[in-house]
Each structure stands twice: as structure tokens, then as C-alpha cells.
Amino acid sequence: MTDPARDHHRREEAGMDDDEIWAAIDDQRRRTADLLEGLTGRQWERPSLCDGWTVRHVAAHLTLQQQGVRDIVVFMARHPEMLRARSLNRTIVDSAAIQARLPTGQLVDRIRAMIGSRRHNAFVTQLETLTDILVHSQDIAVPLGAELELPVPAAVLAATRRWETRDTWLGKVFRRLPLEGYTLRATDADWTRGAGPEVAGPIGALLLLVTGRTARLDELTGAGADHLRGQRHPA
């Protein structure tokens, strides 16, 4: 799953150890739950940055971040329609739709209940948990016009993980943007990846970009960013 040497370099680059990673996860869960708790019914049903998902669907997905093998088996036994899913992405979509049937108060409570725990989903690492809460918190906040800060070291670590795993099965859960021909450079951190025309800006905006989201593309500068905007809105 991970290369220990590369994993050590990645954490050294971000300046975070395991305790700090879990503290960042807890902090983002807490602030996401606080945001959700104050939403109106209409805001819960607003489209998120995830295609086809409302804010409610994203929150529901965030309650499913501690699924061990036994939990997965129990969930599928309770919801046999899940057995029809033929891909990882279909499984994610279907499980979120099922979980979204819960009352919004229960969704918030379940996100809060994970704070302080170091469990993560089977077959992945805490870096996937970190990426999920950072990115999905923005999937909720950005369309609502809400400010939900992404801590720079945590965003660096998540962006590095996503860049390194973009060609693996872990990358298949994200929409793939054509970023191979660009240099991505953070202006608020020592982080650069790729080669080609520059796409520069806050690491949080770059994290969204490498996870297939163009919602903060207008915050990015450089010839590469201009080209990406031209692709999004062709003349």
C-alpha cells in the first residue's frame, strides 16, 4: 500500500507526524460538523462540488470513514442492494445515498463521534482519511459561500499523496483532469509538482485541482492556469 521511505519523505515535506495528521483530521471534522449544524434545510439540499451529490450526500459519505472489513460486511447485509455495485465508485455513490436517508442531526452527530478516533477505512491509510475530510469539507463549503480554512501543512500532505497515487486504484475515485503537462506550484508552501506551463496559487486550490475540482481555478495564476481556464470555457 505504501513505500515507507516515500511515506517518510512525504511527511517530512509537510512537516507533520502521525499525531499531527490525526489532529488535523479531528480539527477539520469538528469545523465541518460546526458548519453543517448551522445549515438550513434548503442548504442541506444544495448541490455540492461532487457531481450528482448534494451537501447531504457529502456529509453522509463523511460518516463512512471508519469502515473495517466487518463493518462493510454488516452494511451490505443490511442493504443488499449494495451487492449490485460493480465498481468502487458505484459502491461509494450507493453507500452515500443510503446513509443520506438519516436525519441531518444524526449525520452531524456521527461526524462528531469520529473525533479522537484513529480508525480509518479498510485497505487505505490515514492519508486517505485526511484527504477525504479536507476535500469534502470544501465540497460542502465552497458552493455555500462559507469560509472553511484548509491548514497548509495538511493540504500539502494531501496534495502530495494524491499526486503520487494518481495512476493507482486510489486515484480512480477522483475525476482526472489533464494536469500532466503543467507545473503546479504552491505560493503559500514549498510544494511543486510536474513540468510545463505554470499553475500557481494557494495549496488549497491546488489540492482541489488534483482531486478533479475546478471551483477555485480562478485563484490560480500563470500560463498553465490560463490554459486550463480556456479549456473550461472554450471561446
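**α4 and α7**

I looked up how α4 crosses α7 in this predicted model and found the crossing to be left-handed. The two axes come within 9 Å and cross at roughly 40 degrees. I therefore entered α4 as oblique to α7. For the record, α4 covers residues 55-62, and α7 covers residues 104-113.

I then listed the residues in contact. From α4 I noted Arg-56, Ala-59, Ala-60 and Leu-62, and from α7 Thr-104, Leu-107 and Ile-111. By class I have five nonpolar, one polar and one charged for this contact.

**α2 and α7**

Next I took α2, residues 18-37, against α7. Their axes come within 9 Å and cross at roughly 165 degrees. The angle is over 145 degrees, so I wrote α2 down as roughly antiparallel to α7. I checked the hand of this crossing as well, and α2 passes α7 left-handed.

Which residues of α7 does α2 meet? I found Val-108, Ile-111 and Arg-112 on the α7 side. On the α2 side I listed Arg-29, Arg-30, Ala-33, Asp-34, Leu-36 and Glu-37. Sorted by class, the contact of α2 with α7 has four nonpolar residues, no polar ones and five charged ones. I marked Ile-111 in my list, since Ile-111 is in contact with α4 and also meets α2.

**α9 and α10**

I moved on to α9 (152-164) and α10 (203-210). These helices pack with their axes 9 Å apart, at an angle of about 25 degrees. That value is under 35 degrees, so α9 is roughly parallel to α10. I again noted a left-handed crossing.

For the α10 side of the contact I wrote down Ile-203, Leu-207 and Val-210. Facing them, α9 brings Val-152, Ala-155, Val-156, Ala-158, Ala-159, Arg-162 and Trp-163. My class tally for this contact is nine nonpolar, no polar and one charged.

**The cavity**

How many cavities of 30 Å³ or more does the structure hold? I found one. I have its volume as about 150 Å³.

The lining of this cavity consists of 13 residues, and those nearest the centre are Arg-162, Arg-166, Arg-175, Arg-176 and Val-210. I checked which helices take part: α9 and α10 each supply at least two residues of the lining. Two of the names were already in my notes, as Arg-162 and Val-210 belong to the contact of α9 with α10. I sorted the lining into six nonpolar, two polar and five charged residues.

**The second largest pocket**

Last, I looked up the second largest pocket, with a volume of about 380 Å³. I have 16 residues for its lining, with Leu-64, Gln-67, Phe-75, Gln-99 and Arg-110 nearest the centre.

Which helix gives the largest share of this lining? I entered α5, with four residues. The helices that each supply at least two residues are α5 (69-78), α6 (88-99) and α7. So that the entries can be read together, I note again that α7 also packs against α2 and α4.

By class, I recorded seven nonpolar, five polar and four charged residues for the lining of this pocket.

Key
Residues are numbered from 1 along each chain as its sequence is written. This is a predicted model: local features need pLDDT of at least 70, side-chain atom pairs count only at pLDDT 80 or more; totals for chains, interfaces and linings use all residues. Side-chain values use heavy atoms; hydrogens and water are left out. On a 1 Å grid over the protein atoms alone, a cavity is a set of points where a 1.4 Å probe fits but cannot get out, and a pocket is an open set with protein on both sides within 12 Å along at least five of seven lines; lining residues have an atom within 4 Å of a point. Grid points are joined across faces, edges and corners, and a volume is the space filled by probe spheres set on the points. Ala, Val, Leu, Ile, Met, Phe, Trp, Tyr, Cys and Pro count as nonpolar, Asp, Glu, Lys and Arg as charged, and the others, Gly among them, as polar. Axes are lines fitted to C-alpha atoms, for helices over the stretch in contact, and angles run from 0 to 180 degrees between N-to-C directions. Angles under 35 degrees count as roughly parallel, over 145 as roughly antiparallel, 65 to 115 as roughly perpendicular and the rest as oblique. A crossing is left-handed if the near helix is turned anticlockwise from the far one by less than a right angle, and right-handed if clockwise. Contact means heavy atoms within 4.5 Å.
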